[in-house]
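Q: Could you take a close look at the aromatic rings in this structure and explain, step by step, how they pair up and where they sit?

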Amino acid sequence: MAGEDPEVGDVQTHAGAPVRPRNDPRQYDDLADEWWRPDGVFAMLHWLAAARAGLVPAATRPGAVLVDVGCGAGLLAPHVANRGYRHVGVDLTRSALAQAAGHGVAAVNGDAAALPLVDRCADVVAAGELLEHVPDWRAAVAEACRVLKPGGTLVLDTLNDTVLSRLVAVRLAERVRGVPRGIHDPRLFVDARALVAECARHGVALRVRGIRPAVPGLLRWLVHQAALNGSGRIGGAGDGGAGRRRSAPRIVPTWSTAVLYQGRGVKRG
């Protein structure tokens, strides 16, 4: 709205969608038909899911469980389908969970800060692009560690609480056509050092590294998006996934955790 700080005020989430406050969970219902469009508004979540899956070890026992906290529509599922896990997804958004179930995820409606799961039930807990969306990320970390078995693996990715992260992920990213406005509230971004310390408090030795889209792939994707927008099409609709094959960037490690970072840790036995 006019006169409001663009980082914290109400914003338009997507063409034709209602005006919502930043980080309003109802945005995911508004954008429900975008989840599986490879060049849609959740394109980067596809790239991040592929990178996150690279941190998930193969199951070491029959019946192993992967708990995917904040699973959305199940974008991680295709990348871990051959790892030997029962994939359990927890999310607040029922429209997203219905899609996750269609991709082989055992869908559970629940809050990341109060998981409706028993202690030590998971061999792996994944929390991808989640912590920067919850009002109390420390409570979400405590719950992720609670449901993780001793010796189990925690994998996550999130946005750092830095000036650069707010600039890149909010002010700049939201100027790109096809990126939903208001999906992030920068006041919820998560300091990497604080996250490592909090995980340690719950018995998980988390190691973090910076990640980013590979530049050549990102440039190709931006050009492809511009072509889609120039043709009057919504990103990804009707291209049968060809856009993803041509232009989707890989997520690669980078020296700095100042914007986007990934973490992996094992819970003490």
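A: Trp47 and Trp221 are both buried in this predicted model, and they are a good place to begin, since a search of the whole structure finds four aromatic pairs. A pair of aromatic rings is described by the distance of the centres and the angle of the planes. For Trp47 and Trp221, the ring centres lie 5.1 Å apart and the planes stand at 85°, so this pair is edge-to-face, given that an angle over 60 degrees counts as such. Trp47 belongs to helix 2 and Trp221 to helix 8 (residues 215-230), so their pairing ties together parts of the chain that are 174 residues apart in sequence.

Another of the four aromatic pairs is made by Tyr28 and Phe42, whose ring centres are 6.1 Å apart and whose planes meet at 20°, so the two rings are stacked; here the cut-off is that planes under 30 degrees apart count as stacked. Tyr28 sits in helix 1 (residues 26-30), while Phe42 is found in the loop between helix 1 and helix 2 (43-53), so this pair joins parts that are 14 residues apart in sequence. Both rings belong to buried residues: Tyr28 has a relative accessible area of 16%, and Phe42 has one of 3%, where buried means under 20%. Tyr28 and Phe42 also belong, together with Trp35, to one aromatic cluster.

Burial can also be followed along a helix. In helix 6 (residues 163-172), the residues Ser165, Ala169 and Val170 are buried, and, seen down the helix axis, they fall within an arc of 80°, so they line one face of the helix. An α-helix has 3.6 residues a turn, so residues three or four places apart point the same way. The buried residues of helix 6 pack against strand 7 (148-159).

A careful reader should also ask how far the model can be trusted. The chain averages a pLDDT of 89, and 87% of the residues score at least 70. Confidence is highest in strand 3 (residues 65-69), with a mean of 99, and lowest in helix 9 (residues 242-247), with a mean of 48. The pLDDT is below 50 over residues 1-6, a stretch that has six contacts in the model beyond near neighbours in sequence, and also over residues 234-245, which have 25 such contacts. Where pLDDT is low, the predicted coordinates should not be read in detail.

Technical notes
Residues numbered from 1 in each chain as written. Predicted model: local features only at pLDDT ≥ 70, side-chain atom pairs only at ≥ 80, totals over all residues. Heavy atoms only, no water. pLDDT = per-residue confidence, 0-100. Helix = DSSP H or I, 4+ residues; strand = E, 2+ residues; numbered from the N terminus. Contact = heavy atoms within 4.5 Å. Buried < 20%, exposed > 50% of the residue type's maximum accessible area, 1.4 Å probe, protein only. Arc of directions from axis to C-beta. Phe/Tyr/Trp six-rings, centres within 6.5 Å; stacked < 30°, edge-to-face > 60°.
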